[in-house]
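User: I should like to request a close look at a single part of the structure shown below, followed by an account of other details.

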Amino acid sequence: MDPLPLVALIAASAAIAGAARRTPVPAPLLLVTVGLIGAYLPGVPDYTLDPHIVLPLVLPPLLHTAALDSSYLDLRANLRPVALLSVGYTLFATVAVGYLAYLLVPDLPLTAALVLGAVVAPPDAVAASAIARRLGLPNRLTTILQGESLVNDATAITAYKVALAAAVGEGASWAGGIGEFALASLGGIGVGLVLMVPIHWLRTHLKEALLQNTLSLLIPFVAYAAAERVGASGVLAVVVVALYLGHHSWQVDFETRLQEGAVWKMVAFILESSVFALIGLQLPYVVQGLGGYSAGETLWYAVGVFVAVVVVRFVWVFPATFLPRALSPRIRKREPDTNWTAPVIVGWAGMRGVVSLAIAFSIPLATAGGEPFPARNLVLFLTFTTVIGTLVIQGLTLPALIRALKVPGRDPQAETLAEAQAQSQASRAAEQRLDELLADERNALPQPLADRLRTVLERRRNAVWERLGAVNPVTGESADDTYRRLAREMIEAEREVFVQLRDQRRIDDEMMRTLLRRLDLEEAAAYREDS
């Protein structure tokens, strides 16, 4: 195998994603667009999505990073809307879009149409996370979109398996479909519940950050493979384990957390960038084999399926938002009130992604009887156009829609105030603990060192409050911002001295790296929120 095409894909994707950060165009859209253009440039290798690589090797780490960054408490508080979207909507979209495609495309069997419906049913986890990060949506909307995207892949894959069994002639019944769905969902959750505690125990008992982070990289693949081995949903197993680990991450050593955060950011960046570029690069493959359909027919079918996907989501989202509230006083009391703008945003934020394409590429070439799978190339093409259409049309217009609806975003002032109050309460507890420790003669410290501990504590307590204060009229910085900048300049001055001493052979490289690492950890721990 020639590794150069893979290296070129990763390097080009990373460069394009980095460039996108300097433009108002979201990185996924720019990557897809460049992929579409690059697919027909001379010298660009053929990059074909292999579902045997994407589903077990790319999907687990992406889901893992998304779940680690999610809030278990917020998801639990919004379990009803998340379940209605991730399970209810996905099944509804499978049937509704499939039936509409059956009516739209002549000679397309209903079973093959339902396969198409299942393939395009799940919105993409990566796209949902990107939306939330870039647009600063209200916390509840962010939680609902991320929660949906974490679970809906499992629902769609199960629905696809049932529809595919009927399409290839292996037989499928309502009872069999319900049984397979129950095995996939309950089994996936069960595998996750079995794995999460021992994995967390192992993480907290490994003493070396290097080993802990090696384990961290293996976790999503182990959870996915273990669940798939018993016929359960690997997606749900990965999500359950990651939610548990994220909720208990504070119990892991600080050095591990710092390294793990950096490692997973890099992994997610590489995979997300490469995945969106790969989507665009699939164009030559999906258009081949469409000789039996004219350009006008395929365009009409593509527009029809895209419109069906968009409309069906709104048909589900509005009743699912307001009907339970109208029927249940308990829901009205427990959940915050909402208006029509929230379901409009949730309905429009339904971009499809690489999972849909990976599932579509896994459709077999032939049925159980040996005949070619009906309209397989057309199903691939319609999946591709739906993914591109939702990413480009909905992805480009969603920010403008949010601005037009005047949806209130996060309140930075309120969040900073809450952070300051939390820090103040924690600092009081730390100060009380420090007094208790210093009262013990075994912890006796020279007064300057004891005062230094109190100064550091006071600095942490005041730092957040200072962000709420007046800004420097010259630089526009708060006192806390100025403090952090000056501290970074001081650390940089120390670094330069260590390097000079190494160059003068007054210390060796090993000692320099030790000294620099101390500075790096100090800077990371103190200023990590600046990133």
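What is the relative accessible area of Ala375?

Analyst: The model is predicted, and every value given here is computed from it. Ala375 has a relative accessible area of 21%, and is therefore partly exposed. The residue is placed in the loop between helix H17 (354–361) and helix H18 (376–405). Its backbone also deserves attention: although Ala375 is not a glycine, its phi is positive, at about 55°. Most residues other than glycine have a negative phi. Arg505 likewise has a positive phi without being a glycine, and here the value is about 65°. Arg505 belongs to the loop between helix H21 (479–503) and helix H22 (509–527). With a relative accessible area of 67%, Arg505 is exposed.

Charged side chains come next. Side chains of opposite charge can pair when their charged atoms come close. The model contains twelve salt bridges. In one of them, Glu335 pairs with Arg80, and the closest N and O atoms are 2.7 Å apart. Glu335 sits in the loop between helix H15 (329–334) and helix H16 (341–348), whereas Arg80 is in helix H5 (residues 79–104), so this pair ties together parts that are 255 residues apart in sequence. Both Glu335 and Arg80 are buried.

A second salt bridge joins Asp337 to Arg325, with a distance of 3.4 Å from N to O. Asp337 lies in the loop between H15 and H16, and Arg325 in helix H14 (residues 295–327), so the parts tied together are twelve residues apart in sequence. The two partners differ in their surroundings: Asp337 is exposed, with a relative accessible area of 68%, while Arg325 is buried, at 10%. Arg502 and Asp503 also meet through their side chains in a salt bridge, 2.8 Å from N to O. In addition, Arg80, Arg140 and Glu335 are joined into one network by salt bridges that share partners.

Aromatic rings provide another kind of contact, and the count is seven aromatic pairs. Phe318 and Phe322 form one that is tilted, with 6.3 Å from centre to centre and 35° between the planes. These two residues are four residues apart in helix H14, which means that about one helical turn separates them. An α-helix has 3.6 residues a turn, so residues three or four places apart point the same way. Phe318 is partly exposed, at 27% relative accessible area, and Phe322 is partly exposed as well, at 32%. Ring pairs link both of them with Phe314 and Trp348 in a cluster. A contact between a charge and a ring is found at Tyr89, where the charged end of Arg313 sits over the ring, 5.0 Å from its centre.

Helix H3 (residues 51–68) completes the account. Its 18 residues should span 26 Å at 1.5 Å a residue, and its end C-alpha atoms lie 24 Å apart, which agrees. At Leu59, H3 bends by about 35°, and a proline, Pro60, follows within four residues. H3 is mostly covered, since 13 of its 18 residues are buried. At the start of H3, a side-chain oxygen of Asp50 comes to within 2.9 Å of the backbone nitrogen of His52.

Note on methods. Residues numbered from 1 in each chain as written. Predicted model: local features only at pLDDT ≥ 70, side-chain atom pairs only at ≥ 80, totals over all residues. Heavy atoms only, no water. Salt bridge = Lys/Arg side-chain N within 4 Å of Asp/Glu carboxyl O. Buried < 20%, exposed > 50% of the residue type's maximum accessible area, 1.4 Å probe, protein only. Expected span 1.5 Å × (residues − 1). Bend = angle between axes of the 7 residues up to and from the residue. Polar contact = N/O pair within 3.5 Å; in protein donor to acceptor, adjacent residues only side chain to side chain. Phe/Tyr/Trp six-rings, centres within 6.5 Å; stacked < 30°, edge-to-face > 60°. Lys NZ or Arg CZ within 6 Å of the ring centre and 35° of its normal.
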